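Open the model in a viewer and keep the sequence panel visible. The stops below are given as selections, each followed by what is found there.

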Amino acid sequence: MAVFISEKTGDTLDCAIRYAKTLKAGDTVLLNGEMGAGKTVFAKGVALGLGITDEVLSPTYAYMNDYGGKLYHFDCYRLSCGEQAEALGLTDYFYGGGICLVEWAENISSVLPERVKTVNITKLGKDKRRIEYD
């Protein structure tokens, strides 16, 4: 795993923009971190790195936001099991042509694709973050 220390939000965005260049269609990336760690900030950077100019918002109440079929941003915080994700049709996106970013993936672990990438974000202070990724 690579490690990046972010001193501010702009650093996290820059890291995610660079990370986006390593992704390809069909990749699923698990964004791990506690509430407020910066998962959505990282998702914004990935979107920018993919050339997406739409505003990226947390999909907490929608479960998933679709950015032109190129990027799917999931928030599974309110789901309690993989079967709920399947019932909502969310798992279909894992096998499409877009890149899937999944927050709170542990809640739907039983239905995640076999091969995933992982980004772990740890708060080290008010704005400082440790970002580990593969």
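The tour goes from the whole chain to one strand, then to rings and charged side chains.

**Whole chain**

Note before selecting anything that this is a predicted model. Show the protein chain as a cartoon: three helices and seven strands are there. Followed along the sequence, their order reads β-α-β-α-β-β-α-β-β-β. The radius of gyration of the protein chain is 14 Å, close to the 14 Å that the globule rule gives for 134 residues, so the chain is as compact as a globular protein of that length. Along the principal axes, the C-alpha atoms fill a box of roughly 40 × 30 × 25 Å. Colour by accessibility next; of the 134 residues, 46% are buried.

**Strand β5**

Select residues 99-103, which form strand β5. How many of the residues of β5 are buried? Five of the five are, so the strand is largely enclosed by the rest of the structure. Now display the side chains. I99, L101 and E103 point one way, while C100 and V102 point the other way. Both sets are buried, the acidic E103 included.

**Partners of β5**

Add residues 28-32, strand β2. This strand pairs with β5 in the parallel sense, over four bridges. To find the register, pick V29, whose bridge partner in β5 is L101.

Then add residues 71-75, strand β4. β4 and β5 also run parallel, and five bridges join them. Here the pair to pick is D75, which stands opposite E103 in β5. E103 is thus a residue to keep labelled: its side chain is buried on the I99 and L101 side of the strand, and D75 is across from it in β4.

Show helix α3 as well, residues 82-87. Together with β4 and β5, α3 makes a β-α-β unit, and the unit is right-handed.

**Aromatic rings**

Hide the backbone and show the aromatic side chains. Seven aromatic pairs are counted in the model. Begin with Y19 and Y133, an edge-to-face pair with 5.4 Å centre to centre and 70° between the planes. Y19 lies in helix α1 (residues 9-20) and Y133 in strand β7 (residues 129-133), so the pair ties together parts that are 114 residues apart in sequence. Are the two rings' residues buried or exposed? Y19 counts as buried, at 2% relative accessibility; Y133 is partly exposed, at 23%.

Move to F94 and Y95. Their ring centres are 6.4 Å apart and their planes are at 85°, so this pair is edge-to-face. F94 is buried, with 3% relative accessibility, whereas Y95 is exposed, with a relative accessible area of 57%. Widen the selection to Y72, F74, Y93, F94 and Y95, which form one aromatic cluster.

One further ring has a charge over it. Select F4 and R18: R18 lies over the face of F4, at 5.3 Å from the ring centre.

**Salt bridges**

Side chains of opposite charge can pair when their charged atoms come close. The structure holds five salt bridges, and three of these stops follow.

Select K128 and E7, where the closest N and O atoms are 4.0 Å apart. This salt bridge links distant parts of the chain: K128 is in the loop between β6 (117-123) and β7, E7 is in the loop between β1 (2-6) and α1, and the two are 121 residues apart. Both ends are partly exposed, K128 with a relative accessible area of 33% and E7 with 47%.

Select K24 and D27 next; their side chains meet in a salt bridge at 3.3 Å, N to O. Which of these residues is buried, and which is exposed? K24 counts as exposed, at 54% relative accessibility, and D27 as buried, at 10%.

The last selection is R130 and E132, again a salt bridge, with 3.3 Å from N to O. R130 is partly exposed at 30% relative accessible area, and E132 is partly exposed at 22%.

Key:
Residues are numbered from 1 along each chain as its sequence is written. This is a predicted model: local features need pLDDT of at least 70, side-chain atom pairs count only at pLDDT 80 or more; totals for chains, interfaces and linings use all residues. Side-chain values use heavy atoms; hydrogens and water are left out. Buried means under 20% relative accessible area, exposed over 50%, partly exposed in between (1.4 Å probe, protein chains only). Two strands pair if DSSP finds at least two bridges between them. A crossover is right-handed if, with the strands pointing away from the viewer, the path from the first strand over the helix to the second runs clockwise. Rings of Phe, Tyr and Trp (its six-membered ring) pair if their centres lie within 6.5 Å; planes under 30 degrees apart count as stacked, over 60 as edge-to-face and the rest as tilted. A charge sits over a ring if NZ of Lys or CZ of Arg is within 6 Å of the ring centre and within 35 degrees of the ring normal. The radius of gyration is taken over C-alpha atoms; the globule rule is 2.2 Å times the number of residues to the power 0.38.
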